[in-house]
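The following exercises are to be worked with the sequence and the structure at hand. Each task is followed by a solution in steps.

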Amino acid sequence: MKKSQAEIIREYGPFDDAPRINGVTFDGMHVWFAAGDKLHALDPESGARVRSIEVESHAGTAFDGRYLYQIAEDRIHKIDPDSGKVLSTIPAPGNGGDSGLAWCEGSLWVGQHRGRRIHEIDPETGAIRRTIESNRIVTGVTWVDGELWHGTWEGDESDIRRIDPATGEVLERLEMPEGVGVSGLESDGRDRFYAGSGGGGKLRAIRRPR
């Protein structure tokens, strides 16, 4: 297993009206982050928030190229980002114990916080297609270039790890500084991850190793 220190490129916030960031996604232009009762869109170049959608935003967030998906307690909402309307809703597999959310090749991937696992689910029905076990609490999930990464956070220790999507074996770990948590995780498809800080109201850009 490869291990290195995470390189934090930039911090955004803290955002006074978003004290806890619960989920993160990227639509190719804006970073969306979930904070309680709103989804916020941020310009990662300027650091300015450009708009918000009022929707329950308790955990992970994902983008499929057209629509946003947002965990709201024990449900996952499909949202039109243009209108902000909830188009459909499916059950979340962890019944309220869900954390990260990602889109990849026609499936949603849902982290289960204390369940220490990641489910691949049908985005239309919520049916579980398969499950990957983890040995750590899962706090965010993302796919990039065929690689599955997830965030962890236990006590004062947190990391971002790449795992084998077939076996769950940990292949690589980026260790966050002590006391710096990860809540919500997304790749920009290139050279960086975006991650929430949990409490503290901050969003961080972290270099993706190549």
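**Exercise 1. The second largest pocket**

Task: Determine which strand gives the most to the lining of the second largest pocket, and describe the lining by class.

Solution. Strand 17 gives the most to this lining, with four residues. The model in which this is seen is a predicted one.

Step 1. Locate the strands concerned: strand 17 covers residues 157–163 and strand 18 covers residues 170–175, and each supplies at least two residues of the lining.

Step 2. List the lining of the second largest pocket: Arg136, Asp156, Glu157, Ser158, Asp159, Arg161, Arg173, Glu175, Met176, Pro177 and Glu178.

Step 3. Sort these residues by class. Eight are charged, two are nonpolar and one is polar.

Step 4. State the volume: the second largest pocket holds about 150 Å³ of space.

**Exercise 2. The largest pocket**

Task: Identify the residues that lie nearest the centre of the largest pocket and the elements that give two or more residues to its lining.

Solution.

Step 1. The space in the largest pocket amounts to about 310 Å³.

Step 2. Its lining comprises 18 residues, and those nearest the centre are Arg20, Asp98, Ser99, His113 and Ser183. Two or more lining residues come from each of strand 3 (20–21), strand 11 and strand 16 (147–154).

Step 3. By class, the lining of the largest pocket divides into eight polar, six nonpolar and four charged residues.

**Exercise 3. Strand 11 and its hairpin**

Task: State how many residues of strand 11 are buried, and describe how strand 11 is joined to strand 12.

Solution.

Step 1. Strand 11 spans residues 98–104, and six of its seven residues are buried. The cut-off for "buried" is a relative accessible area under 20%.

Step 2. Strand 11 runs antiparallel to strand 12 (residues 107–112), and five bridges join the two. One bridge pairs Asp98 with Gln112 in strand 12. Asp98 is also among the residues nearest the centre of the largest pocket.

Step 3. Examine the turn. Two residues lie between the strands of this hairpin, and Glu105 takes a positive phi near 50°.

**Exercise 4. Two open sheets**

Task: Give the strand order of the sheet that contains strand 22 and of the sheet that contains strand 9, and name the edge strands of each.

Solution.

Step 1. One open sheet has four strands in the order 2-22-20-19, with antiparallel pairing. Strand 2 (8–12) and strand 19 (183–187) are its edge strands, each pairing on one side only. From one strand to the next, the twist averages 20°.

Step 2. Within this sheet, four bridges connect strand 2 to strand 22 (residues 203–207) in the antiparallel sense. Tyr12 stands opposite Leu203 in strand 22.

Step 3. Another open sheet of four strands is ordered 7-8-9-10, and its pairing is antiparallel. Strand 7 (61–63) and strand 10 (86–91) each have a single partner strand, so one side of each is left without a neighbour in the sheet. Here, too, the twist averages 20° from one strand to the next.

Step 4. Strand 9 (residues 75–79) pairs with strand 10 over five bridges in the antiparallel sense. The bridge partner of Arg75 in strand 10 is Pro91.

**Exercise 5. The cavity**

Task: Establish how many cavities of 30 Å³ or more the structure holds, and which residues line the largest cavity.

Solution.

Step 1. A search of the whole structure finds one such cavity. The space in the largest cavity is about 30 Å³.

Step 2. The lining residues are Tyr69, Ile76, His77, Lys78, Ser88, Thr89, Ile90, Leu108 and Pro123. Strand 9 and strand 10 supply at least two of them each.

Step 3. By class, five lining residues of the cavity are nonpolar, three are polar and one is charged.

**Exercise 6. An aromatic pair**

Task: Classify the pair formed by Phe15 and Phe33, and decide whether Phe33 is buried or exposed.

Solution.

Step 1. The whole structure contains five aromatic pairs. In one of them, Phe15 and Phe33 lie 5.0 Å apart, centre to centre, with 25° between the planes, and the pair is stacked.

Step 2. Place the residues. Phe15 belongs to the loop between strand 2 and strand 3, and Phe33 to strand 5 (residues 31–42), so the pair ties together parts that are 18 residues apart in sequence.

Step 3. Apply the cut-off of under 20%. Phe15 has a relative accessible area of 10% and is therefore buried; Phe33, at 0%, is buried as well.

Methods: Residues are numbered from 1 along each chain as its sequence is written. This is a predicted model: local features need pLDDT of at least 70, side-chain atom pairs count only at pLDDT 80 or more; totals for chains, interfaces and linings use all residues. Side-chain values use heavy atoms; hydrogens and water are left out. Two strands pair if DSSP finds at least two bridges between them. Axes are lines fitted to C-alpha atoms, for helices over the stretch in contact, and angles run from 0 to 180 degrees between N-to-C directions. Buried means under 20% relative accessible area, exposed over 50%, partly exposed in between (1.4 Å probe, protein chains only). On a 1 Å grid over the protein atoms alone, a cavity is a set of points where a 1.4 Å probe fits but cannot get out, and a pocket is an open set with protein on both sides within 12 Å along at least five of seven lines; lining residues have an atom within 4 Å of a point. Grid points are joined across faces, edges and corners, and a volume is the space filled by probe spheres set on the points. Ala, Val, Leu, Ile, Met, Phe, Trp, Tyr, Cys and Pro count as nonpolar, Asp, Glu, Lys and Arg as charged, and the others, Gly among them, as polar. Rings of Phe, Tyr and Trp (its six-membered ring) pair if their centres lie within 6.5 Å; planes under 30 degrees apart count as stacked, over 60 as edge-to-face and the rest as tilted.
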